[in-house]
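Please open the structure in your viewer and keep the sequence beside it. This tour proceeds by selection, and each stop states what is to be found there.

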Amino acid sequence: PPLFMHVAGELPVPAEFRHRTTKNVFSGGAIRVVRHLLNQASQSATPAQGIRSIAKAAQVSFGAAHATVTKLESLGFLHRESPRSGYRLQNPVGLLNEWLASGEAKFHHSLAFNAPSTRTEDLRLARDHLLSETGQAPLWTLASGLLPNEVFVSGMPHGAYLNGSPELLVRALNLRDVTPHNFLILVPRPEDQTEFGGIYDSPRDGLPHGKSICLPQLAADFSALGGRGREQSRFLVDEFAKKIQDAL
């Protein structure tokens, strides 16, 4: 000692020599990074992003973003041209499928009800009532969040995310605590109650009764239902793939 070694090279570091980490990218604040990257994937001309910009977009610490990005890169979902360049998401459909199959909870819990009516007009009136009372609208999910061309499985429950007490929506839609359950109020995990890579990131327009959650989260919510919900989820993954292809 002292001994200094400088390593210079142009090729990616082989996987067996990369830093190994047990970071779970589908839980905690890490899922906000994943959701942000997936939402950006369907936009055209998405620039490469550095770790600091990713951390800012997902509102997580630099360390948390670095650990998540490192793991995603080691799994082959992120790529950079050089150690100093930004990261680009590659194989976003594969990343979405990994999330759906991860077994991690897609939301904190759900409240199940029977809705006498889930017609578009009733959903719109419920949205308007919440806007007038609280200034905030529900963010629709499950069957309520599907565009007409996205309906693949019939008879799926409707649902919504709310930022606050569910009582107003319960009254607005006359929801009853009886079976059969055809309406779910989904409660996000505390770390996901944000627009920065959370549930409220990149809401979708196009519904006459309000905004729905982003397409990756919609696919995740249907996958959590099991049964035929997984069929609807797989159809949405295909729609996600088409949007990415159209953006190229």
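The protein contains eight helices and eight strands. The model is a predicted one. Begin with the whole chain in view: along its principal axes, the C-alpha trace spans about 75 × 30 × 30 Å. Of the 248 residues, 44% are buried. Among contacts between residues at least 6 apart in sequence, 69% join residues at least 24 apart.

**First stop: a pair of helices**

Select residues 215-225, which form helix α7, together with residues 228-247, which form helix α8. The axes of the two helices are 7 Å apart, and the packing angle is about 160°. Angles over 145 degrees count as roughly antiparallel, and α7 and α8 are therefore roughly antiparallel to each other. The crossing in which α7 passes α8 is left-handed.

Now display the side chains where these helices meet. On α7, the contact is made by Leu215, Pro216, Leu218, Ala219, Phe222, Ser223 and Leu225. On α8, the participants include Leu236, Val237, Phe240 and Lys243. Taken by type, the residues of this contact are nine nonpolar, four polar and three charged.

**Second stop: His36**

Select His36, which is located in helix α1, residues 30-41. Is this residue buried or exposed? His36 has a relative accessible area of 6%, and it is therefore buried, since buried means under 20%. Which residues does His36 contact, leaving aside its neighbours within four places in sequence? They are Gln49, Ala57, Gly197 and Asp201.

**Third stop: salt bridges**

Side chains of opposite charge can pair when their charged atoms come close. The structure holds 12 salt bridges, and three of them are visited here.

- Select Glu73 and Arg80. These residues form a salt bridge whose closest N and O atoms are 3.0 Å apart. Arg80 has a relative accessible area of 25% and is partly exposed.
- Select Glu121 and Arg124. In this salt bridge the closest N and O atoms are 2.5 Å apart. Both residues lie in helix α5, residues 120-134, and they are three residues apart, about one turn of the helix. Glu121 counts as partly exposed at 37% relative accessibility, and Arg124 is also partly exposed, with a relative accessible area of 26%.
- Select Arg189 and Asp192. The side chains of these two residues meet in a salt bridge at 3.1 Å, N to O. Arg189 counts as buried at 9% relative accessibility, and Asp192 counts as buried at 0%. Add Arg35 and Glu191 to the selection: salt bridges that share partners join Arg35, Arg189, Glu191 and Asp192 into one network.

**Last stop: Leu175**

Where does Leu175 lie? Select it in the loop between α6 (167-172) and β6 (183-187). With a relative accessible area of 8%, Leu175 is buried. Not counting residues up to four places away in sequence, Leu175 touches Phe113, Asn114, Ala115, Leu169, Val170, Phe183 and Ile185.

Finally, select Arg84 as well and use the distance tool of the viewer. How far apart are Leu175 and Arg84 in space, C-alpha to C-alpha? The distance is 54 Å, and the two residues are 91 residues apart in sequence.

How values were computed:
Residues numbered from 1 in each chain as written. Predicted model: local features only at pLDDT ≥ 70, side-chain atom pairs only at ≥ 80, totals over all residues. Heavy atoms only, no water. Axes fitted to C-alpha atoms, helices over the stretch in contact; angles between N-to-C directions. Helix = DSSP H or I, 4+ residues; strand = E, 2+ residues; numbered from the N terminus. Parallel < 35°, antiparallel > 145°, perpendicular 65-115°, else oblique. Left-handed = near helix turned anticlockwise from the far one by under 90°. Contact = heavy atoms within 4.5 Å. Nonpolar A, V, L, I, M, F, W, Y, C, P; charged D, E, K, R; others polar. Buried < 20%, exposed > 50% of the residue type's maximum accessible area, 1.4 Å probe, protein only. Salt bridge = Lys/Arg side-chain N within 4 Å of Asp/Glu carboxyl O.
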